[in-house]
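User: I'm new to this one and would like a close look at a single part of it. Could you take me through the salt bridges and then show me how they sit in the rest of the protein?

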Amino acid sequence: MGVTRMEYLQSDNDNLSMLNQSLTEKNRYNESYIGQIEDSLRHIEGLNGELNEGLVREKSRKRVWRNLTLVEGGILVIILALIL
């Protein structure tokens with residue numbers, strides 16, 4: 001029994017329709033997954049910003065203590081020089 005051109009085209013159309021439906025579902029899943037990744041990235045960027053701010057504050061605090069220590073050491077040297 002022969003397959004008519006119309007039956008072949010209908011079968012081909014059905015197969016393409018199922019493939020299109022499957023790809024549409026995969027696209028929805030991927031879009032959802034991309035959204036989750038973007039949310040995670042925004043969260044990480046926020047944490048990174050907070051950590052950077054903390055590091056800048058810590059560096060500034062250490063710089064102040066280093067300067068105070070140098071001044072204190074200088075004063076002690078001067079006092080010792082005056083005593084001796």
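Analyst: Let's start with a bit of vocabulary: a residue is called buried when its relative accessible area is under 20%, exposed when that area is over 50%, and partly exposed in between. Asp39, at 45% relative accessibility, therefore counts as partly exposed. Keep in mind as we go that this is a predicted model.

Now for the salt bridges themselves. Searching the whole structure turns up two of them. Asp39 belongs to one: its side chain meets that of Arg42, with 2.3 Å from N to O. Both residues lie in helix 1, and the three residues that separate them in sequence amount to about one turn of the helix.

The other salt bridge joins Arg61 to Glu58, and here the closest N and O atoms are 2.5 Å apart. The spacing will look familiar: Arg61 and Glu58 are both in helix 1 and three residues apart, again about one turn of the helix. As for cover, Arg61 has a relative accessible area of 42%, so it is partly exposed. Glu58 has 31%, so it falls in the partly exposed class too. If you want a feel for distance along this part of the chain, go from Arg61 to Leu51: they are 10 residues apart in sequence, and their C-alpha atoms are separated by 15 Å.

So what does the rest of the protein look like? There is one helix, and there are zero strands. That helix, helix 1, covers residues 5-83. The C-alpha atoms fill a box of roughly 120 × 15 × 10 Å along the principal axes. The radius of gyration tells you something similar: the protein has 36 Å, whereas a compact globule of 84 residues would have one near 12 Å. For a concrete pair, try Met6 and Thr69, which are 63 residues apart in sequence and 92 Å apart in space, C-alpha to C-alpha. Met6 has its place in helix 1, and with a relative accessible area of 62% it is exposed.

How much of the protein is buried? Buried residues make up 0% of the 84 residues. The accessible surface comes to about 8,100 Å², and carbon and sulfur atoms account for 62% of that.

One stretch of that surface deserves a look of its own. Val71, Ile75, Leu76, Ile79, Leu80, Ile83 and Leu84 form a nonpolar patch, and together they have about 750 Å² of accessible area. Leu76, one of these residues, lies in helix 1. Its relative accessibility is 48%, so Leu76 counts as partly exposed.

Finally, back to charges, this time across the whole protein. There are 10 positive and 12 negative ones, and the mean positions of the two groups are 14 Å apart. Set beside that overall picture, the part you asked about comes down to two salt bridges: Arg42 with Asp39, and Arg61 with Glu58.

Key. Residues numbered from 1 in each chain as written. Predicted model: local features only at pLDDT ≥ 70, side-chain atom pairs only at ≥ 80, totals over all residues. Heavy atoms only, no water. Patch = residues over 30% accessible without salt bridge, like charges linked within 9 Å, V, L, I, M, F, W, Y side chains within 5 Å. Areas by Shrake-Rupley, 256 points an atom, 1.4 Å probe, with all protein chains shown as cover. Salt bridge = Lys/Arg side-chain N within 4 Å of Asp/Glu carboxyl O. Helix = DSSP H or I, 4+ residues; strand = E, 2+ residues; numbered from the N terminus. Buried < 20%, exposed > 50% of the residue type's maximum accessible area, 1.4 Å probe, protein only. Rg over C-alpha atoms; globule rule 2.2 N^0.38 Å. Lys, Arg positive; Asp, Glu negative; His and termini not counted. Charge placed at Lys NZ, Arg CZ, Asp CG, Glu CD.
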